[in-house]
Amino acid sequence: MCSRGDAQRSGRVAGRSAERGAPRPGRSAMSRSKVAIVLCLDVGFTMSSSAPDEESSLEQAKKVMTKFVQRQVFAESKDEVAVVLFGTDGTRNDLASRDQYQNISVHRSLMLPDFDLLEDIQDVIKPGSEQADFLDAIIVCMDLLQKQTVGKKYEKRHIELFTDLGSTVSEDQLEIIIANLKKTGISLQFFLPFPVDVDDEGGDTSASVHSHIHRNPFPRKGLTEQQKEGIDVVRKLMHALDEEGGLEEIYTFRESLERLSMFKKIERRPMAWPCQLTIGSNLSIRIVAYKSVTEEKVKKVWTTVDAKTLRKDDVQKETVYCLNDDDETEVQKDDTIQGFRYGSDIVPFSKEDEEQMKYKTGAKCFSVLGFSRSSQIQRHCYMGNQVLKVFAAKDDENAAVAFSALVHALDELKVVAVVRYAYDRRSNPQIGAAFPYIKDAYECLIYVQLPYMEDLRQYIFSSLKNNKKCIPTADQLSAVDSLIDSMNLVYEADDGETFEDLFKPSKIPNPHFQRLYQCLQHKAFHPNEPLPPIEEHLLKMLEMPSVVKERCQGPLEKIKALFPLKEVVKKKDKKTAQDIFKDSSEDGPNPKKPRIEDEEGSFSIMKLAEGNVTSVGSVNPAEDFRILVRQKNADFKDVSQQLIKHIDQFLENKGSQYYMKGINCIRVFREEAVKLSKVQCFNDFLQALKSKVEDKALADFWEIMMQDRISLITKDEAKESSVTSEEAEKFLAPKEKKNEILPPTDEGGDVDDLVSTIKTLCVFRIKL
């Protein structure tokens with residue numbers, strides 16, 4: 001065992017005690033300072049033993065460690081992690097002597113966690129055949145933390161110990177260890193395969209660690225005498241370190257996995273935006289703003305590497321500009337220029353023109369244009385991708401007094417400031433509202449962007465009140481009210497004063513990030529295996545809370561009864577000769593003009609009587625075509641050529657209204673070709689049309705064709721066709737073009753480009 005001098009020597013450290021409490025499972029560190037963490041793992045032979053069909057304690061502990069390191073890696077944490085193993089076959093630590101601190105090895109010194117550490121935990125760390133005292137292991141961890149943190153700034157130093165307490169333990173140096181842990185400020189956590197209150201036969205069971213939460217998920221086996229003794233030592237140690245919360249630092253492996261199942265979010269350093277808040281030309285207040293709410297995006301770290309060597313340096317990209325001709329004539333970059341598509345024309349714009357055209361904001365600003373009642377700023381008008389919190393400048397007493405007066409005046413009068421906001425001289429200005437926000441700890445303005453005229457979308461819908469069939473009954477209104485009440489996401493206690501949110505979006509991590517990190521970690525260790533299924537907890541994150549789901553069942557049944565749904569089957573009208581040849585004048589004059597429909601069975605003799613159609617005209621070519629091809633002895637090919645001529649004219653005019661006329665003609669052409677078994681005529685036309693579209697750069701027209709799914713007639717639609725569904729789907733896809741170089745976009749969201757670029761063809765030549 002260790003000597004008194006060794007234990008005392010390991011506890012010496014310069015400086016004052018740091019505050020207890022290291023990053024715990026499921027918690028995020030409030031401070032952004034570094035933390036030194038030692039993961040101390042028991043690999044002794046008892047850790048690797050397990051019952052049939054059960055996971056060993058060592059494997060469970062390695063899972064917890066893996067989850068913890070994963071969180072640190074993907075959160076880009078600056079915390080440093082070391083690994084100490086005890087129960088190893090060999091010995092490697094600075095305190096080892098002939099008979100002391102044996103079978104304890106420092107596997108990894110303090111450094112940033114990475115994928116190498118994850119690989120070590122999964123594949124390199126193996127069970128040992130020896131045993132070691134976990135108190136000796138704690139002393140080795142303390143010694144490592146002292147030596148490797150000298151001269152460096154760490155907010156906290158922390159030991160996480162994973163063991164099944166199956167090894168012999170000596171309490172000779174327990175008091176010295178407790179004293180040195182307190183003196184150095186090193187915090188300690190235990191992770192066990194069972195809760196500390198599992199032994200109900202003796203000991204102080206009243207000090208159990210939330211037994212209703214720390215349930216033992218594994219089959220209860222009788223604890224050995226050595227494990228019972230170890231539990232007593234752990235209780236004494238943790239009680240001595242913290243009488244009130246010491247036992248709260250003891251976790252089970254299962255509980256830890258649940259808490260660590262979520263990857264931590266990347267911690268962002270707050271970036272201050274200093275500016276002057278101006279009101280008129282004579283009043284200026286120094287302010288500083290911070291982003292309070294903004295959309296988090298995946299960090300773009302994807303790169304192109306050689307598939308065999310996985311090295312980025314083995315791939316080189318060369319960009320070549322080419323003309324869109326048969327020879328793909330190469331063009332020098334200096335001979336290209338930006339352009340703005342204006343209708344069917346391209347307006348050339350040089351870099352100099354673009355700079356002169358840009359809105360000149362002068363400099364960054366936060367200028368008050370006026371004030372408005374807060375009730376006038378509608379919630380649906382909030383826009384933008386961020387919310388700013390604006391404070392008075394630090395260490396400026398005059399600014400603080402003036403800013404506080406403004407905030408309180410706005411709050412008392414229930415008004416907001418309408419401001420002009422520009423992030424910097426390169427940014428387009430925004431109009432926004434600054435709301436007063438007063439808390440006990442601070443007061444500020446909250447800035448939210450407001451829309452310009454072009455940003456608003458005005459839609460007019462008919463009122464439901466004008467339709468008597470849509471007016472709900474009193475019972476229906478009451479049922480919907482009950483449903484809304486039952487789905488309330490705020491729980492109110494019986495006393496009427498205690499409230500609790502049942503669903504907190506601000507506490508829910510983005511499932512997209514969680515899934516991405518899960519897949520990246522899996523691919524790092526298993527590159528040739530398929531991706532794992534989505535974890536169950538990710539699927540359940542955005543589900544309705546179970547309490548609410550249970551509570552709303554009754555109101556939902558009532559809704560179902562009061563709002564019955566019936567399947568309506570549309571019946572085809574049977575038309576007789578009397579219906580077709582019926583003279584409408586017999587029943588009196590009908591002021592409404594008969595509606596022309598494109599549905600099956602809508603054609604009648606009456607339509608043929610509406611004038612003598614001899615050719616496809618330009619006013620209504622689609623309907624003319626439909627009438628002509630159904631006439632006796634009609635030449636389908638000749639009539640279709642007349643229709644194709646008008647379609648070509650519509651495409652030459654290049655306008656959305658002409659495009660839609662052309663689309664309507666093509667749709668009618670296709671329908672009649674199927675009905676009259678002229679499939680090949682239509683398919684030949686459509687293939688020729690696609691070639692014209694590509695030659696004349698009518699990509700926007702073909703986009704409409706793709707959206708409306710107007711493709712070749714397949715053999716599923718007409719037996720005369722030889723085109724399969726797959727070929728028809730492939731036909732719709734536009735012809736593959738060379739990669740286009742587009743101008744880089746500003747990720748900050750503060751600078752908007754006013755100019756689009758010509759789609760210039762280029763070829764990427766990748767050299768391996």
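**Figure 1. A loop residue, Leu165, in the predicted model.** Leu165 is found in the loop between E4 and H5; the structure shown here and in the following views is a predicted model. Although Leu165 is not a glycine, its phi is positive, at about 60 degrees. Is Leu165 buried or exposed? Its relative accessible area is 1%, so Leu165 is buried.

**Figure 2. A second loop residue with positive phi, Glu328.** This view shows the loop between strand E9 (316-322) and strand E10 (330-331), where Glu328 lies. Glu328, a residue other than glycine, has a positive phi near 50 degrees. Because its relative accessible area is 36%, Glu328 counts as partly exposed.

**Figure 3. Strand E1 and its two partner strands.** Eight of the eight residues of E1 are buried, so E1 is largely enclosed by the rest of the structure. The residues of E1 point in two directions: Val35, Ile37, Leu39 and Leu41 one way, and Ala36, Val38, Cys40 and Asp42 the other way. Which strands pair with E1? E4 pairs with E1 in the parallel sense, over seven bridges, and E2 also runs parallel to E1, joined to it by seven bridges. Two bridge partners may be located in this view: Val38 is matched with Ile159 in E4, and Cys40 is matched with Val84 in E2.

**Figure 4. The largest nonpolar core.** This core holds 46 residues, of which Phe134, Ile138, Phe190 and Leu237 touch the most other members. Among the elements that give two or more residues to the core are strand E1 (35-42), strand E2 (80-86), helix H4 (134-148) and helix H6 (225-241). Which element gives the most to this core? It is H4, with 10 residues. In soluble globular proteins, nonpolar side chains tend to be buried together.

**Figure 5. The surroundings of Leu237.** Beyond its neighbours within four places in sequence, Leu237 is in contact with Leu135, Ile138, Leu174, Ile178, Leu181, Leu188 and Phe190. Apart from the core to which Leu237 belongs lies another core, of 40 residues, which includes Ile644, Phe669, Leu686 and Phe701.

**Figure 6. His107 in strand E3.** His107 is found in strand E3. Its relative accessibility is 23%, and His107 therefore counts as partly exposed. Once neighbours within four places in sequence are left aside, the residues in contact with His107 are Val83, Val84, Leu85, Arg92, Asp120, Val124 and Ile125. How far apart in space are His107 and Asn93? From C-alpha to C-alpha they are 9.2 Å apart, with a separation of 14 residues in sequence.

**Figure 7. The two sides of helix H9.** Helix H9 comprises residues 397-413, 17 in number, and reaches 24 Å from its first C-alpha to its last, close to the 24 Å expected at 1.5 Å a residue. Its buried residues are Ala399, Phe403, Ser404, Leu406, Val407 and Leu410. Why do these residues lie on the same side of H9? They cover an arc of only 160 degrees around the axis, which means that they are placed on the same side of the helix. On the other side of H9, the residues Glu397, Asn398, Val401, Glu412 and Leu413 are exposed.

**Figure 8. The ends of helix H9.** At the N-terminal end, H9 is capped by Asp396, which has a side-chain oxygen 3.3 Å from the backbone nitrogen of Asn398. Lys414 follows H9, and the phi of Lys414 is positive, near 55 degrees.

How values were computed:
Residues are numbered from 1 along each chain as its sequence is written. This is a predicted model: local features need pLDDT of at least 70, side-chain atom pairs count only at pLDDT 80 or more; totals for chains, interfaces and linings use all residues. Side-chain values use heavy atoms; hydrogens and water are left out. A nonpolar core is a set of buried Ala, Val, Leu, Ile, Met, Phe, Trp, Tyr and Cys residues joined through side-chain atoms within 4.5 Å. Buried means under 20% relative accessible area, exposed over 50%, partly exposed in between (1.4 Å probe, protein chains only). Helices (H or I, at least four residues) and strands (E, at least two) are DSSP runs, numbered from the N terminus. Contact means heavy atoms within 4.5 Å. The expected span of a helix is 1.5 Å times one less than its number of residues. The arc is that of the directions from the helix axis to the C-beta atoms. A polar contact is a pair of N or O atoms within 3.5 Å; within protein, one must be able to donate a hydrogen and the other to accept it, and residues adjacent in sequence count only if both atoms are side-chain atoms. Two strands pair if DSSP finds at least two bridges between them.
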